[in-house]
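Take a first look at the sequence and the 3D structure below. A short guided report comes after them.

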Amino acid sequence: MASQDCEAAASSRAAAASSQDCEAAASSRAEKEEQKTVRVAASSRAKKKEQKTVRVAASSSRAEKEEQKEERRTVRVTSNDGEEFEMDEAVARGSVMLRHMMELGIALDGVTLPIVSGEILALAVSYLRFHRDYDDGGSGYGYGYSYGYHSESEDTALTNFDRDLVKQLDQATLLDLLAASNYMEIEGLLRLTCQTVAEKLKGKTTEEIRQTFCIQNDYPPEEEEEVREEISWALEEKSLD
Amino acid sequence: MGAGVSSILGPEGEGGAPETALGDLPESCVAAVLLHLDPPEICRVARLNRAFRGAASADFVWEAKLPANYRYLMGLVSDDEEKYKGGLSKKEIYARLCRPNPFDGGTKEFWLEKVKGGMCLSISSKALVITGIDDRRYWNHMPTEESRFRSVAYLQQIWWFEVVGEIEFCFPAGTYSLFFRLHLGRPSRRLGRRTCGTEHVHGWDIKPVRFELSTSDDQHASSKYYLEEPGSWILYHVGDFVVANSDKLTKLRFSMTQIDCTHTKGGLCVDCALIYPKGFKHEKEVVVYM
């Protein structure tokens, strides 16, 4: 009977032990879980901290950039004789050449134009500034020479400005401005100056044009005859009678 | 365009920089100026000097002057001359299209009027459907130098006067006017002088002739005239039509009729139907509008 008890006791002890083990195991598992949770919590807190740091860093650097952007909203353009002109980037975008330079990031320290004088650059800048107000529509992105989108009074103001701009220019200045608008790729100004020069060519004979514009005739007589032949189709009058 | 600038704005001289002259500008700048001139003016500029000759031949200048469908038009040009098979400059294409270009077996001609490059078309009497044309009592074809086709249809007399024409063509987008070129009386030359036989002229003052025009996209126009003024070629305006798309074929039907059979009419030369850009003024012609 004692052995039975013993056995029972033993088995019960074993059971107890095993259950203790289980408990221990369970508790240890629980502990581990807890630790894991703690670890997870810790790491997630760390992560959040990290992210916060990143966010703070990013926003502060963006703020910096914004600040810098505020400063860099203008571009400085210098003529070949040292005259400086500061204009808004949005205005400068009217010159395709300047726009490309700004986009490539090479206009940060200003741009010097080796072939445009101060007198001419002043005219070009005043054209860009005036047209910026009318053509841009405020977006700062597209810059076009377009009359169609304005009120009649705005259109009149545009044409008056253009007309007055070229009206008082002597021939050499007009031609310099033409060349500069070609170089700086200012489409509207190129068209305006070309139209003005074209008007002066119309209705004049070859000799009259040569005199007005001081053009040297470098044709030997045979070649001159050849050219006259070549263009005769454009000048002859066809008659059916 | 582009910033292709070498040395412009004149060299620095001892006594100060000489002023910029037109001849100092790069060729691309000169060409940009020429864009604003008409073709005859551009050609005149070529006579200035060699540099200008170059700018005046620039493809980008002439491309702007060509009609939108110039490739279609060049396709109609008979390439009987070997050299045109090679590459033509845009200027040469313009010049070629300004010549009268016959097509449809020489019964029609098209050309560009050279100042603005507008399309002109002429449909000869041989391409028109004329009621009774085969009956020599009524009509016959009369050779004459006064028609670009060297021949006109002459009406001696008829009750039923009806002339109908049709054409299908790609017109550059724009507005056009259609006319019939008519002459009362029979012109001839005798001893170097032009005379006009009016023995058959009658009936045109009784009732007017009705002129009509319609297009495949349902445009219609019409007019009526009493034919007058024997001895002169007169363009009678039929109406206008609008072409929106340079790539679409426009089909036109046009006619003139006087079919009141209570009276005969006669003594009329029918040269051709003419299509000009609206507003084009041909100084040598007398034009009548309603």
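The report starts with chain A, then turns to chain B.

**Chain A overall**

This is a predicted model. The secondary structure of chain A consists of 10 helices and three strands. Read from the N terminus, the order is α-β-β-α-α-β-α-α-α-α-α-α-α. Chain A has 241 residues, and 32% of them are buried. Its exposed area is about 15,200 Å². Carbon and sulfur atoms supply 51% of that area. Consider also the contacts in chain A with a separation of 6 or more: 56% of them link residues 24 or more positions apart.

**The strands of chain A**

Strand β1 of chain A covers residues 74-78, and strand β2 of chain A covers residues 84-88. They pair in the antiparallel sense. Strand β1(A) also pairs with strand β3 of chain A, residues 111-112, but in the parallel sense. The table sets out the two pairings.

| Strand pair | Sense | Bridges | A facing pair |
|---|---|---|---|
| β1(A) and β2(A) | antiparallel | five bridges | T74(A) and D88(A) |
| β1(A) and β3(A) | parallel | two bridges | T78(A) and T112(A) |

The hairpin of β1(A) and β2(A) has five residues between the strands. Within this hairpin, G82(A) takes a positive phi near 85 degrees. As a general point, side chains in a regular strand alternate between the two faces of the sheet.

**Helix α9 of chain A**

Helix α9 of chain A runs over residues 221-230. Which of its residues are buried? They are E223(A), E224(A) and V227(A). These residues cover an arc of only 105 degrees around the axis, so they sit on the same side of α9(A). The face turned away from that buried side carries exposed residues: P221(A), E222(A) and E229(A).

What do the buried residues of α9(A) pack against? One partner is α8 of chain A, residues 206-213. The other is α3 of chain B, residues 50-55. The packing of α9(A) thus leads on to chain B.

**Chain B: domains and annotation**

Chain B is divided into domain 1, residues 27-64, and domain 2, residues 119-277. Taken over C-alpha atoms, the centres of these two domains of chain B are separated by 40 Å.

An unreviewed UniProt entry annotates residues 19-65 of chain B as "domain: F-box". This span is 55% helix and 0% strand. The C-alpha atoms at its ends lie 32 Å apart.

G23(B) lies in the segment before α1 of chain B, residues 27-34. Is G23(B) buried, partly exposed or exposed? Its relative accessibility is 44%, so G23(B) counts as partly exposed. Along the chain, G23(B) and W160(B) are 137 residues apart. Their C-alpha atoms are separated by 66 Å.

**The open sheet of chain B**

Five strands of chain B form an open sheet. Their order is β4-β7-β14-β11-β12, and the pairing is antiparallel. Which strands stand at the edges? They are β4(B), residues 129-130, and β12(B), residues 220-225. Each has a single partner strand, so one side of each is left without a neighbour in the sheet.

For β4(B), look to strand β7 of chain B, residues 161-170. Two bridges join β4(B) and β7(B), which run antiparallel. Here I130(B) stands opposite V163(B) in β7(B).

Note on methods:
Residues numbered from 1 in each chain as written. Chains lettered and ligands numbered in written order. Predicted model: local features only at pLDDT ≥ 70, side-chain atom pairs only at ≥ 80, totals over all residues. Heavy atoms only, no water. Helix = DSSP H or I, 4+ residues; strand = E, 2+ residues; numbered from the N terminus. Buried < 20%, exposed > 50% of the residue type's maximum accessible area, 1.4 Å probe, protein only. Contact = heavy atoms within 4.5 Å. Areas by Shrake-Rupley, 256 points an atom, 1.4 Å probe, with all protein chains shown as cover. UniProt positions renumbered as here; feature names shortened; annotations may be inferred. Pairing = 2+ DSSP bridges. Domains from an automatic or database assignment. Arc of directions from axis to C-beta.
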